[in-house]
Amino acid sequence: MTDQAVDTDGVKLSEDTSAEGQFLGRARELKELRADIERAGLDTIAGRKAPRARVLLIAGKPGSGRSALAGELVRQVADRYDHGVLRARLSEPDGTPVPTERTARELLTALELPTPAGASEDDLSDILRAALADRRALLLLDDAADAEQVDALLPDTPDCLVVAVSGGPLTGIADVRPCTLGGLDTKSALELLTRYTGAVRITVDPLAAEGLVEVCRAQPAALTLAGGWLAARPQAAVADLAKHLHAESDEGTALSRVFRLVYGSLPSPAARILRLLSLAPAGLVDPQTASALAGCSVNGARATLDDFVTAGLLRALDSPLPQYEVPGCLHPLLHALAETQDRPAELQLARARMLERTVRLLQSCRAITETDSPQAKEKLLGMPSSLRFPNPRAAADWLRVRQPALLASARLAVADGELDTLARRLMSQLVRAMVAHFGTQAAAPELYGIHSLVLDVAERRNLPREQAAALLNLADLDAQTGRTTEALARYRAALDAGREANDPYATGRAMESVGCAHQELGDYDRAADWFGRALAQRLARDERAEAARLYGRIAAAHTYAGRYGEALRNWRAAVAGYRKNGDVPAQARALSELARVQEYAGRPEESLLTCHEAVEWARRAEDVRLQAALQLRLADTLDRLGDPASAALHRGTAERMLGEELQEGDPAPESLEHDANACEIRSTSAED
């Protein structure tokens, strides 16, 4: 039995976790686990309905095959759960617990449910529980660090089953059913070796084979490495390997002894690559990552990675692109080797090369979408062929497959603290690439995390301009998800940072956004005041287009407050500003809003004249939708003035303009003032 049965690349919705016939041994454990599923729980025995999902625990040391056993159990019982299998890994390769917020978000994404950007851990856990309340699903939670991680994700329904994998007990979770693993039975261990060596080498010396199993403690990971070593040396005897390992029997675990032997037999370049794989983000490796870490060619790196898979040192993931995973049981051994055999400066240089390669790949990934930009085409042609994507779809596929590793790269780069310039460039390019391929709304949950990291670096390095940009982006996402109070606090902080940086863009945007937040909260007086402050700055800088738009903002706030005189004055100023700027579409929209406020103010005749003027400007702007909306407004006004015949003519005109679209119920816009604050994503760094 090997540990490769379970995909630990993030979270995946799946019907299958391992291929039948690849799993070895553990018949007794599987039988007991399946019996535990059927066995009545403590609540049932007490006559109460079970309030939560049943939890089965598979406990064992890394390398014991605990994940493979969990995967096989899930494969055998998955057909009982109509809504499939949800899988998550709860620890990073270095043992750091994964935040529950991230796991819950990934599980919701696997369920194809929305995940509000910036939502708290408790909110996401509640959303996940609500989503699973009416589902019959199976959760496989691999590598749990503690009971709290599992408890936060438990569905509140007995129709779901949770299979948790951990190194020890999950104290605190009621009615958990533990299964503690030791080594494989001898027959299964020998069969595992046979898969690598062939039957002859085992049968000609069964005692030596059994001795090898014994020195490996029948641990699947150790046996896998031993089998790979023998497979690469057809002339080596099983007895020789067993004797060599017996000689080191007092030094470390069975896995560490076999690993030292395998590592010591590698050529120096391959050994260096293997050590440096401990730096791979989230333990996920592709040829580009390995190439950058080691400073070798991409083709050479891929060949070496494939050799590592054959030797049992890596797992090849089921992925549309070449992608590998460092086994969790080997990560601490690789990390220790890197710390002792490579100088700190060499490791830092390897990290820098990896981040630089990632930045360039993200640049290429984004540039391939800019087909109309000569500068982007020129930049692409200047890149090596190994960094270029053949088309936008290939770039999007790469970005989607590598997204867990890319996000992990950003987190690790920020945590490192010594490569902040590269970290800033990486996050800037990651934001741009995700927006280009997925769109701001679809990528909002991930963007929120990236902007939080940008803010961390900006505060650490005292970079007020970038701090202001990050705060604006986070506040925009807060506002979009209904957290207006939180958004307001961040907009104010962005204003302070913008003033410190002497950044007129940030200060202007922040003041306007503070006004928008107050308007959303129903405080129209403060909204108008903050819009007025932003207007004063725009006028001082002679930014006429922005000033005209802000007149409209002020007018809208006064309209909401019922101060129609002030609203009319500001809409007229907006119309005049757009006219001076030659912005015909904006002038038509502003006239439309002016007519609407005139009608609110009880001036239908003036509203009728303004509407006719707006229709003419909308016609010049060739805005059919706006013309149709204005025709409907004219019809409503004429109805109120007692002229139903003319009103019917205008409605007919609107219907002819929009055709079937309007008849099917697609409403004309009620407010035609352009919202300039729709989630604007700024670059976190000016460097490309």
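Helices here are DSSP runs of H or I with at least four residues, and strands are runs of E with at least two, both numbered from the N terminus. The model is a predicted one, and the exercises below work through its architecture, one helix, its aromatic pairs and its salt bridges.

**Exercise 1. Describe the overall make-up of the chain.**

Which counts of helices and strands does the secondary structure give? The chain comes to 32 helices and nine strands. Turning to its extent, the C-alpha atoms fill a box of roughly 105 × 65 × 45 Å when taken along the principal axes. Of the 688 residues in the chain, 53% are buried. Finally, among contacts with a separation of 6 or more, residues 24 or more positions apart account for 67%.

**Exercise 2. Characterise helix 23 by its span, its buried residues and its surroundings.**

Begin with the span: helix 23 covers residues 484-501, has 18 residues, and reaches 25 Å from its first C-alpha to its last, which is close to the 26 Å expected at 1.5 Å a residue. Next, sort its residues by accessibility, taking buried to mean under 20% relative accessible area. The buried residues of helix 23 include Thr484, Leu488, Tyr491, Leu495 and Gly498, together with alanines such as Ala487 and Ala494. What covers these buried residues? The cover includes helix 22 (464-480), helix 24 (504-520) and helix 25. As a last step, look just past the end of helix 23, where Asn502 takes a positive phi of about 55°.

**Exercise 3. Classify two aromatic pairs and place each one in the chain.**

The count of aromatic pairs comes to four. For the pair of Tyr524 and Tyr560, the ring centres are 5.5 Å apart and the planes stand at 25°; because planes under 30 degrees apart count as stacked, this pair of Tyr524 and Tyr560 is stacked. Tyr524 belongs to helix 25 (residues 524-540) and Tyr560 to helix 26 (residues 544-561), so the pair ties together parts that are 36 residues apart in sequence. In accessibility, Tyr524 is partly exposed at 25%, whereas Tyr560 counts as exposed at 52%.

For the pair of Tyr564 and Tyr600, the ring centres are 6.1 Å apart and the planes are at 50°, so the pair is tilted. Tyr564 lies in helix 27 (residues 564-581) and Tyr600 in helix 28 (residues 584-600), and the pair links parts of the chain 36 residues apart. Tyr564 is partly exposed, with a relative accessibility of 28%, and Tyr600 is partly exposed, with a relative accessible area of 40%.

**Exercise 4. Follow the salt bridges that join separated parts of the chain, and say whether their residues are buried or exposed.**

A search of the whole structure finds 46 salt bridges. One of them joins the side chains of Arg177 and Asp36, at 3.5 Å from N to O. Arg177 is in strand 6 (residues 177-180) and Asp36 in helix 1 (residues 27-38), so this pair ties together parts that are 141 residues apart in sequence. Arg177 is buried, with a relative accessible area of 11%, and Asp36 is buried as well, at 8%.

A second salt bridge forms between Glu325 and Arg89, whose closest N and O atoms are 3.1 Å apart. Because Glu325 lies in strand 9 (residues 324-325) and Arg89 in strand 3 (residues 85-89), the pair ties together parts that are 236 residues apart in sequence. Both Glu325 and Arg89 are buried.

**Exercise 5. Identify the two contacts made by Arg136, and compare its setting with that of its acidic partner.**

The side chain of Arg136 meets that of Asp159 in a salt bridge, at 3.9 Å from N to O. Both residues are in loops: Asp159 is between helix 6 (147-151) and strand 5 (161-166), and Arg136 is between helix 5 (121-132) and strand 4 (138-144), with 23 residues separating the pair. Asp159 is partly exposed at 38% relative accessible area, and Arg136 counts as partly exposed at 30%. The charged end of Arg136 also sits over the ring of Tyr81, 4.9 Å from its centre.

**Exercise 6. State the number of disulfides and the accessibility of Cys365 and Cys611.**

The structure holds zero disulfides. Cys365 is buried, with a relative accessible area of 0%, and Cys611 is likewise buried, at 0%.

Terms used:
Residues numbered from 1 in each chain as written. Predicted model: local features only at pLDDT ≥ 70, side-chain atom pairs only at ≥ 80, totals over all residues. Heavy atoms only, no water. Phe/Tyr/Trp six-rings, centres within 6.5 Å; stacked < 30°, edge-to-face > 60°. Buried < 20%, exposed > 50% of the residue type's maximum accessible area, 1.4 Å probe, protein only. Lys NZ or Arg CZ within 6 Å of the ring centre and 35° of its normal. Disulfide = S-S within 2.5 Å. Expected span 1.5 Å × (residues − 1). Contact = heavy atoms within 4.5 Å. Salt bridge = Lys/Arg side-chain N within 4 Å of Asp/Glu carboxyl O.
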